[in-house]
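Biologist: I should be grateful for a close look at a single part of this structure, the surroundings of the ligand. Which residues surround the ligand, and which are the closest?

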Amino acid sequence: KEKVEITKEQEALMRLIVDAYNKHQIPQDFTNKLLQEQYSTEENFLLLTEIATSQVQVLVEFTKHIPGFLSLDHEDQIALLKGSAVEAMFLRSAQAFRRKIPEGHTEVVEARIRKSGISEEFITPLFTFYKSVGELLMVQEEQALLTAITILSPDRPYVKDQQAVERLQEPMVDVLRKLCALQHPQDPQYLARLLGRLTELRTLNHYHAEMLTSWKANDQKFTPLLCEIWDVQ
Ligand SMILES: Cc1cccc(C)c1Nc1c(-c2c(F)cccc2F)nc2cccc(C)n12
């Protein structure tokens, strides 16, 4: 078996991604607020909207720190952000859901999310995904790299220079492959399972779009940033 080793420049790339991922986090008090006294459906929705808005801001900041991203065509930068926002936010909130919330409180947060006016047909896939990410027990390097790989998907709508995006994504996948081999030597399928989550993520885009439409139909209010990233009128 050839010895798997991460080169110096791969180590540097990974360090940049992980530092950016950890530097930009949603404020802890949001999740704490979710754990406080009982809220109405309206208040829960308002809180989730604030969290979602904060997550988009965090996503934009993280993305700007992905090496090479700011050198891409500007319209492609927007296309990548808009095309990956839901998936990157699901990944990040899934990890926050499993790691950030103190033991025993996840049920409370889950109850708050369930009681925020979201239709049942979206709630089930949402928590199925959260649990499947939780079971992977990803280390932070894997989380950060997987999020960067999701953002750098060349096949998003309206991306013009797909090769330029592939050239940024490939080195990330190479580092993730080596990291998985080193972190999970007993589980050769681990990388495949991680990348399998990205396929599951794509199905969630559909549910999320449906959710936005039904909220719009109920005349729910969003913030300008959420309207912009998801083209909500
Ligand atoms: C913060 C949060 C956590 C869990 C579930 C939900 C519904 C939310 N909130 C929203 C999400 C969203 C997200 F932020 C992360 C993951 C999946 C998401 F559906 N998207 C949007 C879009 C408009 C308004 C809100 C309230 N909203």
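Modeller: The ligand is surrounded by 21 residues, a residue being counted if one of its heavy atoms lies within 4 Å of the ligand. The closest are Ala-52, Met-89, Ile-118, His-208 and Trp-215. This is a predicted model, in which local features need pLDDT of at least 70 and side-chain atom pairs count only at pLDDT 80 or more, while totals for chains, interfaces and linings use all residues. Residues are numbered from 1 along each chain as its sequence is written, and side-chain values use heavy atoms, with hydrogens and water left out.

In the side chain of His-208, an N or O atom lies 2.8 Å from a nitrogen atom of the ligand. Taken alone, the ligand exposes 500 Å², and the protein buries 98% of that area (Shrake-Rupley method, 1.4 Å probe).

Two or more residues of the shell come from each of helix H3 (41–64), helix H4 (74–99), helix H6 (120–136) and helix H9 (190–217); helices are DSSP runs of H or I with at least four residues, numbered from the N terminus. Helix H3 gives the most, with 6 residues.

By class, the shell has 17 nonpolar residues, 4 polar residues and no charged residues. Here Ala, Val, Leu, Ile, Met, Phe, Trp, Tyr, Cys and Pro count as nonpolar, Asp, Glu, Lys and Arg as charged, and the others, Gly among them, as polar.

Definitions and conventions:
A polar contact is a pair of N or O atoms within 3.5 Å; within protein, one must be able to donate a hydrogen and the other to accept it, and residues adjacent in sequence count only if both atoms are side-chain atoms.
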